[in-house]
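The paragraphs below lead through a molecular structure step by step, beginning with a single helix and ending with the relation between the chains. It may help to keep the structure in view while reading.

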Protein chains: 2
Amino acid sequence: MSRPMPLSGFPELLPRERSAEQAVIDGLRRVFELHGFASIETRAVEPLDRLAKGGEIDKEVYVLRRLHADGADADSGLGMHFDLTVPFARYVLEYAGKLEFPFRRYQIQKVWRGERPQEGRFREFTQADIDIVARDTLPFHADVEVATVMAEALSALPVPTLRMQVNNRRLLEGFYRGLGIDDAAAAMRAVDKLDKMPAEAVADLLMSDAGANAEQADACLRLAQIRTPDTSFADRVRALGVSHELLDQGIDELSQVMDALESTPHDGVTVTADLRIARGLDYYTGTVFETRMDGFERLGSVCSGGRYDALADDGKTTYPGVGISLGVTRTLVPLFQRGQLTSTRSVPSAVLVALVDDGSRPTSDAVAQRLRARDIPAEVAPAAQKFGKQIRYAERRGIPYVWFPGTDDGGDQVKDIRSGDQKDADPDTWMPSAEDLRPAIVTTETATEE
Amino acid sequence: MSRPMPLSGFPELLPRERSAEQAVIDGLRRVFELHGFASIETRAVEPLDRLAKGGEIDKEVYVLRRLHADGADADSGLGMHFDLTVPFARYVLEYAGKLEFPFRRYQIQKVWRGERPQEGRFREFTQADIDIVARDTLPFHADVEVATVMAEALSALPVPTLRMQVNNRRLLEGFYRGLGIDDAAAAMRAVDKLDKMPAEAVADLLMSDAGANAEQADACLRLAQIRTPDTSFADRVRALGVSHELLDQGIDELSQVMDALESTPHDGVTVTADLRIARGLDYYTGTVFETRMDGFERLGSVCSGGRYDALADDGKTTYPGVGISLGVTRTLVPLFQRGQLTSTRSVPSAVLVALVDDGSRPTSDAVAQRLRARDIPAEVAPAAQKFGKQIRYAERRGIPYVWFPGTDDGGDQVKDIRSGDQKDADPDTWMPSAEDLRPAIVTTETATEE
């Protein structure tokens, strides 16, 4: 068969990049599990009516057809999931009787969208979601918890500074209502466009779509300009002179989230109360999050979420939830593409056990097995080439150590091929340094590509 | 929305089962990495012509169509991969210039088949593959290596006894040729049916399809009866009085695999040289593997593979390979369905930190964070209910310890809720027992379902 061509929008990683991605996913999982979030996976497909919202699917979904089935039978009625929230809501309803609520889960899986690919927008990509869902009512501290857990997880990522922006839709709705704007949803949709259009155009939208007058539109824009690294946003909001019960509740909730994030500082993650963040999606009802990555602002938000008062609903019971979703592929692949992120080696092996001659493979195998018995990843050279060639084999893969099994002339020796240091060693006691035991992430502003 | 119905063939796991599956996958990964196999993932889709073999796709593939695109544009020309070998072969060709050969990789991913679901046959399932692939030539010891690494991985699985059967298609081909049967491929296809039809019918097939006479057919069946736990198969084959160069090579290769597997015993895995195993697939050229699970024989083989002399070929270069693929879902889901496999708990948390009253959440959060700082998964109770109710919260999830933060009346205490033992504890020094730190797999012949 001929040489295959890449498929646009379906990124694939070389082993070194995959090693870095695995380390990132392991790190996310570690934080989520330390906080007691349980792993689930959902199937990749959902019935098309589940993927619909209000009868319509606005995402470009991939629909499945069975190749060998005929006519109507061929169409499976199934589409690939385009996020992890829709399938999670379905999972909660389907297994409600077997789950313990409040249910705290994380889910790290691929999702698919048939959209036109562009930088940071893929057709297949990995998301990492955490959510807390309850039956009937979910206390507000769940919002605080998902925010602080995700901030802790983001803080461990080997990526440029992440800027988390937090807001609260109750605050916005209360402010708009307090101003006298009835269609708060339309006002939020207008304010959400501040990223894409000038303030005057948003003011026009507020007047045309949300029924605001010029003064009200101006107040909405002044609210949207408030941005503080702490709870001082509250005084600035109150200084605008609007009052409403929902506004008070929103200010209180956003203050709690900011307080909690401030009291658990996270390296590499900044947090701002940003009153411009509205999230276009109507199903968010309180806290909302977005996150930008320094130098990659045009990717848009790489980590978003919020509170849903009705994550799922089966007609009898309502399941409120709060969650955040991190775009793993969206965050990492642009860094891989620029050579800013890689791994120290392309294989897990810390040690290459050399072959002295063709007949001595059992000896080398035994050395490798003794190293593995102590958790040291090891492989045996594929052929009894000259030692220089065997060392080159290790070098090309980034394997730091080459082991020379003992012969009649002397005992076992191990060489650090970076320094050239070679010394006697016993396969039952020798240990590599802790940082050499596993492949490690390498970040650089100007990584040299191999 | 109404209560969703399960989709046949798309198994989903509850948190406790998922915890067991994760532990299994972690165990596989650990063994593969200790042996220096690098992780890769391939995209879920391939162009339909890649999924074809000789111009035809014999598997029931799911084809993707974009929902909102029209007519010819809607058909993506892409199908979901139905195994991990076809995508791996394509990956090797596509990235050959950036990979180091011999390339040793593992791949644990979902695959999809549009076939009719039945026990152990799913439409979405997880496979775990290891392969070694080289450019131009691949030494035979790679066959030995994948066999021993997979046997080591299988040995760590929490499943009934696995019976690995090994054979060699060169041995079969040499035997048939030595007998005077020219169409060795037809003879192998006939012998491969011994599982499904009586020996006489296979003899008829050997005569009708492979051009054997009655005596030759009889010799083929006598070869197929040979089954030994060691290399003694070799003498029994030679006793049949057939000779051919390929037969000698096959006997030597199979003996090497059996020798290596015998010298590294694996609990819970038996290995047999079974000369009936042919694998129907023409692309295997040497070593072949199948594996049955005790009590689940009707699932067929749960772990299969072999040597391909041309795993991939771009017209200029040939890439020989050898690999084995374990059906993770096929092995685990029947055990979950029978309640024979589960986990000690449904959440990662080893400790539930109780809430003394509604105002003391910061105190409980601080205790939990101090435990997490020492790698102890901990969560805080969702509400300041009576302690009995908080203990029930832990019990239902299988969390072994409940922590009571200190008050004016006394210091911190921790209770093992299984034994009822409660004692003073310091969140900066207390450790649960090693077996309580993480959820653990529970196997039982007659597990009680919750």
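**From a buried helix to the pair of chains**

In helix α12 of chain B, the residues B:V328, B:T329, B:R330, B:T331, B:L332, B:V333, B:P334, B:L335 and B:F336 are buried. The model is a predicted one, and in it this helix, which spans residues 328-337, is mostly covered, with nine of its 10 residues counted as buried. The buried residues of α12(B) find their packing partners in α1 (15-34), β6 (124-133), β10 (287-293), β12 (318-327) and β13 (341-343) of chain B, and after the helix comes B:G339, whose phi is positive, near 70°.

A second helix contact in chain B involves α5 (residues 141-155) and α11 (residues 245-263). Two packed helices are described by the angle between their axes and the distance between the axes. For α5(B) and α11(B) the angle is about 35° and the axes are 9 Å apart, and α5(B) passes α11(B) in a right-handed crossing. On the side of α5(B), the contact is formed by B:D143, B:V144, B:A147, B:T148 and B:A151, which meet B:E253, B:Q256, B:V257, B:A260 and B:L261 of α11(B). Sorted by class, the residues of this contact are six nonpolar, two polar and two charged.

Turning to chain A, one finds 15 helices and 19 strands, with C-alpha atoms that fill a box of roughly 95 × 60 × 45 Å along the principal axes. Of its 450 residues, 48% count as buried, and among the contacts between residues at least 6 apart in sequence, 69% join residues that are at least 24 apart.

An open sheet of nine strands in chain A has mixed pairing and follows the order β1-β5-β6-β12-β11-β10-β7-β9-β8. Because β1 and β8 (227-228) of chain A stand at the edges with a single partner strand each, one side of each is left without a neighbour in the sheet. The partner of β1(A) is β5 (residues 103-112) of chain A, to which two bridges join it in a parallel arrangement, and the bridge partner of A:S39 in β5(A) is A:Y106. Helix α1(A) packs on this sheet, where it touches β5 and β6 (124-133) of chain A, and its direction makes about 160° with that of β5(A). Helix α11 (residues 245-263) of chain A, for its part, lies across β7 (162-168), β9 (269-274) and β10 (287-293) of chain A and runs at about 155° to β7(A).

Within helix α1 of chain A lies A:V31, and this residue counts as buried because it has 20 C-beta neighbours inside 10 Å. Once its neighbours within four places in sequence are left aside, A:V31 is in contact with A:V149, A:E152, A:A153 and A:A156. By contrast, 47 Å separates the C-alpha atom of A:V31 from that of A:T407, a residue 376 places away along the chain.

The remaining question is how the chains come together: how many residues of chain A are in contact with chain B? There are 66, and they are in contact with 66 residues of chain B. On the side of chain A that touches chain B, at least two residues each come from α1 (15-34), β1 (38-39), β3 (62-66), α4 (85-95), α13 (361-373), β15 (378-380) and α14 (387-397) of chain A, and α1(A) gives the most, with six residues. The residues on this side of chain A divide into 29 nonpolar, 14 polar and 23 charged. Strand pairing also links the chains, since five bridges join β3(A) to strand β3 (residues 62-66) of chain B in an antiparallel arrangement, and A:V63 has B:R65 as its bridge partner in β3(B).

Two copies of a chain are related by a rotation about an axis and a shift along it. Here a turn of 180° with a shift of 0.0 Å along the axis lays chain A on chain B with an RMSD of 0.1 Å, which means that the relation is that of a two-fold axis. In chain A, the C-alpha nearest this axis belongs to A:L64 and lies 2.5 Å from it. The same surface serves both copies, as 100% of the contact residues of chain A recur in chain B.

Key
Residues numbered from 1 in each chain as written. Chains lettered and ligands numbered in written order. Predicted model: local features only at pLDDT ≥ 70, side-chain atom pairs only at ≥ 80, totals over all residues. Contact = placed C-beta atoms within 7 Å. Helix = DSSP H or I, 4+ residues; strand = E, 2+ residues; numbered from the N terminus. Nonpolar A, V, L, I, M, F, W, Y, C, P; charged D, E, K, R; others polar. Axes fitted to C-alpha atoms, helices over the stretch in contact; angles between N-to-C directions. Left-handed = near helix turned anticlockwise from the far one by under 90°. Least-squares fit on C-alpha atoms with pLDDT ≥ 70 in both. Buried ≥ 20, exposed ≤ 12 C-beta atoms within 10 Å, placed from the backbone.
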